[in-house]
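Open the model in your viewer and keep the selection tool at hand. The stops below say what to select next and what is there.

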Amino acid sequence: MQNQSSDMSIDPVNILKVHSLKHTKQRVRVLEEIALDTVAISQPELEKKLGKEIDRVTLYRILNIYEDKGILHRIMDMNGTANYAICSPSCTEDHHHDEHVHFNCTQCNKIYCLDVVAPPIQMPEGFTASAMTTTAYGVCEKCNSAAITGN
Ligand SMILES: [Zn+2]
Ligand SMILES: [Zn+2]
Ligand SMILES: [Zn+2]
C-alpha cells in the first residue's frame, strides 16, 4: 500500500445510482463482495459467500444485469467457470472497454485484471468486434514468491 493517491474505493450505492439501477440490499451486497478483492471472484465462490442472503437465481439475475450495464465483466477461467470483476469506469451499457490482459494463475486458479493492454488485433474485413479479451496463463506473483520462500 505505497500508493494512496489513486482513488481505488468502490462505492456500490454510487455505482447503482450512476447506472440508474434501483438500490436493493442484495444488489449492494453482491457489489461489495466483488469489490473486496483486486482479483476476480468466481461464481461458485460468490454463491458460497452470499448463499445465506441471496439465492442462486437472484444472484444469477443480478450478475447478468451488472454485466449488461457495464458494471461487471465476466472472465471464463481455464475450467470454464465464470469469474467476475468490476469494470473500468469507461464501460457502458452494451459497450465494454476492458481491453486489459487477464492473468489466470495455473496454481491458485485466481484471475487477475492486469493494467496491461494487449496489442491491437486487426479484424478481417467484414468482422466487427465489440469486445476483446486476452488471457495469459501462468504463475502469479503470489505463487511465485511462495515458491521462492519455500512455502
Ligand atoms: Zn466492462
Ligand atoms: Zn497464483
Ligand atoms: Zn478484467
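Helix axes here are lines fitted to C-alpha atoms over the stretch in contact, and the angle between two of them runs from 0 to 180 degrees between N-to-C directions. That convention is needed at the third stop. Keep in mind throughout that this is a predicted model.

**Stop 1: the whole chain**

Show the chain as a cartoon. The secondary structure comes to five helices and six strands. Followed along the sequence, these elements run α-α-β-α-α-β-β-β-β-β-α. The C-alpha trace spans about 50 × 45 × 35 Å along its principal axes. Of the 151 residues in the chain, 34% are buried. Among contacts with a separation of 6 or more, 55% are between residues 24 or more positions apart.

**Stop 2: helix H4**

Select residues 56-68, which form helix H4. How far apart are the end C-alpha atoms of this helix? They are 18 Å apart, which agrees with the 18 Å that 13 residues should span at 1.5 Å a residue.

Now colour the buried residues of H4: Thr58, Leu59, Ile62, Leu63, Tyr66 and Glu67. Which elements do these buried residues pack against? The partners are three helices, H1 (12-18), H2 (25-35) and H3 (43-50), together with strands S2 (72-76) and S3 (82-86).

Look next at the two ends. At the start of H4, a side-chain oxygen of Asp55 comes within 3.2 Å of the backbone nitrogen of Val57. Just after the helix, Gly70 has a positive phi of about 80°.

**Stop 3: H2 against H4**

Keep H4 selected and add H2. The two helices pack with their axes 10 Å apart, at an angle of about 70°. Angles of 65 to 115 degrees count as roughly perpendicular, and H2 and H4 are therefore roughly perpendicular to each other.

Show side chains on both sides of the contact. From H2 come Gln26, Arg27, Val28, Val30, Leu31 and Ile34, and from H4 come Thr58, Leu59, Ile62, Leu63, Ile65 and Tyr66. By type, the residues of this contact divide into nine nonpolar, two polar and one charged.

Before leaving H2, select Glu33, which is in this helix. Is Glu33 buried or exposed? At 10% relative accessibility, Glu33 counts as buried, because the cut-off for buried is under 20%. Leaving aside neighbours within four places in sequence, Glu33 is in contact with Leu46, Lys49 and Leu50.

**Stop 4: the loop between H1 and H2**

Select His19, which sits in the loop between H1 and H2. With a relative accessible area of 18%, His19 is buried. A polar atom of the His19 side chain lies 3.3 Å from the backbone oxygen of Lys69. Beyond residues up to four places away in sequence, His19 touches Lys69, Gly70, Ile71 and Cys91.

Ser20 is found in the loop between H1 and H2 too. Ser20 is exposed, with a relative accessible area of 64%. Check its backbone: Ser20 has a positive phi of about 40° although it is not a glycine.

**Stop 5: Cys91**

From His19, move to Cys91, in the loop between S3 and S4. Cys91 is buried, at 3% relative accessible area. Not counting residues up to four places away in sequence, its contacts are His19, Gly70, His96, His97 and Asp98. For a sense of scale, draw a distance from Cys91 to Asn144: their C-alpha atoms are 32 Å apart, with these positions 53 residues apart along the chain.

**Stop 6: Ala85 in strand S3**

Select Ala85, which lies in strand S3. Its relative accessible area is 5%, and Ala85 is buried. What does Ala85 touch, apart from residues up to four places away in sequence? The contacts are Ile34, Ala40, Ile71, Leu72, His73, Ile75 and Cys113.

**Stop 7: Asn109**

Finish at Asn109, in the loop between strand S4 (100-105) and strand S5 (111-117). Asn109 has a positive phi of about 65° although it is not a glycine. At 27% relative accessibility, Asn109 counts as partly exposed.

Definitions and conventions. Residues numbered from 1 in each chain as written. Chains lettered and ligands numbered in written order. Heavy atoms only, no water. Helix = DSSP H or I, 4+ residues; strand = E, 2+ residues; numbered from the N terminus. Expected span 1.5 Å × (residues − 1). Buried < 20%, exposed > 50% of the residue type's maximum accessible area, 1.4 Å probe, protein only. Contact = heavy atoms within 4.5 Å. Polar contact = N/O pair within 3.5 Å; in protein donor to acceptor, adjacent residues only side chain to side chain. Parallel < 35°, antiparallel > 145°, perpendicular 65-115°, else oblique. Nonpolar A, V, L, I, M, F, W, Y, C, P; charged D, E, K, R; others polar.
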